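Me: I have a structure to work through. Please take my questions in turn and show the reasoning behind each answer.

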Amino acid sequence: MNGVLVTMEAVVAAFGTRTLLDGVSLGIGTGERIGVVGRNGAGKSTLLTLLAGQARPDAGRIVRAGSVRVGLLAQDDRLAPSATVRQAVVGDVPDHVWAADPRRRSVLAGLGLLDRLDAVVGRSSGGERRRIALAALLVDDIDLLILDEPTNHLDVEGVAWLASHLQSWRGGLLVATHDRWFLDEVCERVWEVVDGRVDAYDGGYSAYVLARAERARQVDAAESRRQNLLRKELAWLRRGPPARTSKPRFRIEAANALIADEPPARDTLGLRTFAASRLGKDVYDVEDVTLRLGGRALLTNVTWRLGPGDRVGLVGVNGSGKTTLMRLLTGQVGPDAGTVRVGRSVRPAMLSQEIRELDPDLRALEAVEQAGRVLEVGRGREVTAGQLLEQFGLPSARQWTRVGDLSGGERRRLQLLRLLMERPNVLLLDEPTNDLDTDTLAALEDVLDSWPGTIVAISHDRYFLERTCDTIFAMLGDGSLVMLPGGVDEYLSRRELATTQAGTAGAAGTGTTVDSGAGSGATAGAGAGSLSAGQVRVARKELTRLERALERLARRETALHAALAEAATDHQRLLALDAELREVVAEKARTEEAWLTVASDLEDA
């Protein structure tokens with residue numbers, strides 16, 4: 001089907017006494033990929049359900065092309081509890097038929113369902129049910145795909161796979177998500193639902209941030225704090241890894257003018273110095289630790305040191321033990337071998353994935369003030385609980401709402417603010433981005449920019465990891481804990497290589513021939529002029545990945561040199577920093593060599 005798929009004309013939609021959409025007119029056509037953002041409760045899900053035909057507007061009308069087929073991934077699925085995964089995704093199609101379809105195989109493999117085809121839907125977890133519902137949509141023949149938070153319950157690999165899959169989607173695509181990296185990778189336009197309107201922006205998330213900042217500057221609004229935050233985030237986008245890609249479709253001149261005087265997102269050296277004054281020299285020393293869970297080794301002879309002011313992101317395959325590692329640091333579990341030494345001044349606080357029960361009769365402000373009334377966010381700077389609540393999307397009038405009347409996302413914010421108000425000097429964050437909208441995520445990152453302490457964060461949100469953390473470590477499921485100078489891109493590259501090697505070994509054992517020409521490793525070794533069109537596309541993508549890795553490695557090398565100068569009198573710290581610097585330099589050399597090889601192949605192709 002070609003042309004416009006669905007249009008809205010002067011649509012009004014209300015929820016209780018609140019008007020979510022007020023006279024909205026818009027449309028989506030074939031080939032358009034549109035991201036939907038907005039505060040929690042602004043009406044994003046309402047907009048999606050209206051366009052999908054799952055709800056009716058209070059006024060106005062919605063027009064769909066005669067035979068348009070619409071698929072909706074809603075917050076709640078409608079899967080039959082008694083069905084198997086196979087029945088829910090491919091129906092009664094025989095295995096030899098659907099298995100011959102590359103699209104169906106790719107979807108099932110990409111969402112980790114190939115080995116769960118006989119599992120019963122009703123016995124699956126909420127995250128598994130969501131992946132099953134997503135797979136059922138992706139293998140269907142539909143014209144308009146509407147996805148409400150599709151990256152929830154996906155790990156970093158799953159999010160990367162879904163982004164790659166949707167880049168080749170030929171129908172219309174409408175996706176509401178708080179995953180900003182995903183928005184930049186997939187979407188070519190952004191709709192912001194705000195104050196009953198739907199404002200449209202060209203480009204992905206980066207372009208949207210620029211446009212909002214420019215609009216705010218042009219109208220010279222009174223909300224100066226909001227404008228400063230937008231400029232700060234834009235400065236990160238221009239200086240960080242996304243700036244190396246072709247995704248930010250805004251005018252470079254305008255962006256440079258807007259952030260010309262914007263300082264770096266955080267003063268890393270100053271924060272480390274302040275953190276050292278609060279924590280001392282020692283935070284966590286994990287020495288030769290082996291940790292088992294259910295007979296399986298999560299860690300085997302691992303040594304890992306965390307110092308004052310370290311900001312570490314933690315990624316890994318599902319079930320590798322990331323949360324258990326955090327519990328090891330807090331003493332909730334003990335090692336089977338080895339030791340975990342904790343600094344005398346360490347006061348940790350852990351944000352778990354579960355929302356702690358709060359007294360439903362408390363007011364929102366009271367719930368936060370129970371933990372503390374004032375938070376120190378830097379030398380001489382303090383903010384009150386009320387100011388933080390407003391910064392996190394709960395204005396003064398809403399701060400007196402009963403906790404029991406708040407949404408799940410709003411209660412998640414209270415949980416996070418209570419944690420900060422306890423004045424810890426070590427933050428352990430397990431999936432902190434769950435249920436937070438993009439504005440709240442930016443506010444959280446702004447608070448963490450000036451937070452003087454050590455941070456360890458587990459997240460599938462790679463934008464958050466790259467924005468907040470200086471170093472990425474990975475648990476690859478083999479008992480190791482590995483530092484990744486190349487960040488999330490290096491993790492995905494390692495996982496892709498491991499999968500390819502496992503597939504090649506399996507094929508060799510069965511006498512099957514495997515074509516690995518589409519892999520990035522095969523691209524680098526191709527002979528001059530021998531690349532196919534598909535291999536050229538893969539090689540260009542690999543070149544971009546390597547450029548981003550080199551930029552991150554250069555930043556890490558600079559930071560390590562500064563840290564070495566600061567630690568001139570700390571012999572133990574010097575040794576640890578020197579070892580890390582040598583690893584970063586070696587990784588940088590390997591990455592540069594790989595870049596030259598791929599660039600040479602492309603030049604000769």
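Me: Which residues form one aromatic cluster with Y201?
Reply: This is a predicted model. A search of the whole structure finds 4 aromatic pairs. One aromatic cluster holds Y201 together with Y205, Y208 and Y463.

Me: Are the rings of Y205 and Y208 stacked, edge-to-face or tilted?
Reply: Their ring centres lie 5.7 Å apart. Planes under 30 degrees apart would count as stacked, and over 60 as edge-to-face. The planes here stand at 50 degrees, so the pair is tilted.

Me: Which helix holds both Y205 and Y208?
Reply: Y205 is buried, and Y208 is buried too. They sit 3 residues apart, about one turn of the helix. That helix, residues 205–219, is α8.

Me: Is R104 buried or exposed?
Reply: R104 belongs to helix α4, residues 102–110. Leaving out residues up to four places away in sequence, R104 touches V90, V93, W98 and V139. Buried means under 20% relative accessible area. R104 has 19%, so R104 is buried.

Me: Are α4 and α6 roughly parallel or roughly antiparallel to each other?
Reply: Their axes come within 10 Å. They cross at roughly 155 degrees. Angles over 145 degrees count as roughly antiparallel. Therefore α4 and α6 are roughly antiparallel.

Me: Which residues of α6 meet α4?
Reply: On the α4 side, the residues are R103, S106, V107 and G110. By class, this contact has 2 nonpolar, 4 polar and 1 charged residues. From α6 come G158, W161 and H165.

Me: Which residues have the most contacts inside the largest nonpolar core?
Reply: In soluble globular proteins, nonpolar side chains tend to be buried together. The largest nonpolar core here has 94 residues. Its largest share, 7 residues, comes from helix α6, residues 156–167. The residues with the most contacts inside this core are L138 and L414.

Me: What is L138 in contact with, leaving aside its neighbours within four places in sequence?
Reply: Some partners of L138 also appear where α4 meets α6, including R103, V107, W161 and H165. The list for L138 has further names as well, among them L111 and L145. In full, L138 is in contact with R103, V107, L111, L145, W161, L162, H165, L166 and W169.

Me: How many residues are in the other core, which lies apart from the largest one?
Reply: Y284 and L299 belong to this other core. M350 and I458 are also among its members. The core has 32 residues.

Conventions: Residues numbered from 1 in each chain as written. Predicted model: local features only at pLDDT ≥ 70, side-chain atom pairs only at ≥ 80, totals over all residues. Heavy atoms only, no water. Core = buried A, V, L, I, M, F, W, Y, C linked by side-chain atoms within 4.5 Å. Buried < 20%, exposed > 50% of the residue type's maximum accessible area, 1.4 Å probe, protein only. Helix = DSSP H or I, 4+ residues; strand = E, 2+ residues; numbered from the N terminus. Contact = heavy atoms within 4.5 Å. Phe/Tyr/Trp six-rings, centres within 6.5 Å; stacked < 30°, edge-to-face > 60°. Axes fitted to C-alpha atoms, helices over the stretch in contact; angles between N-to-C directions. Parallel < 35°, antiparallel > 145°, perpendicular 65-115°, else oblique. Nonpolar A, V, L, I, M, F, W, Y, C, P; charged D, E, K, R; others polar.
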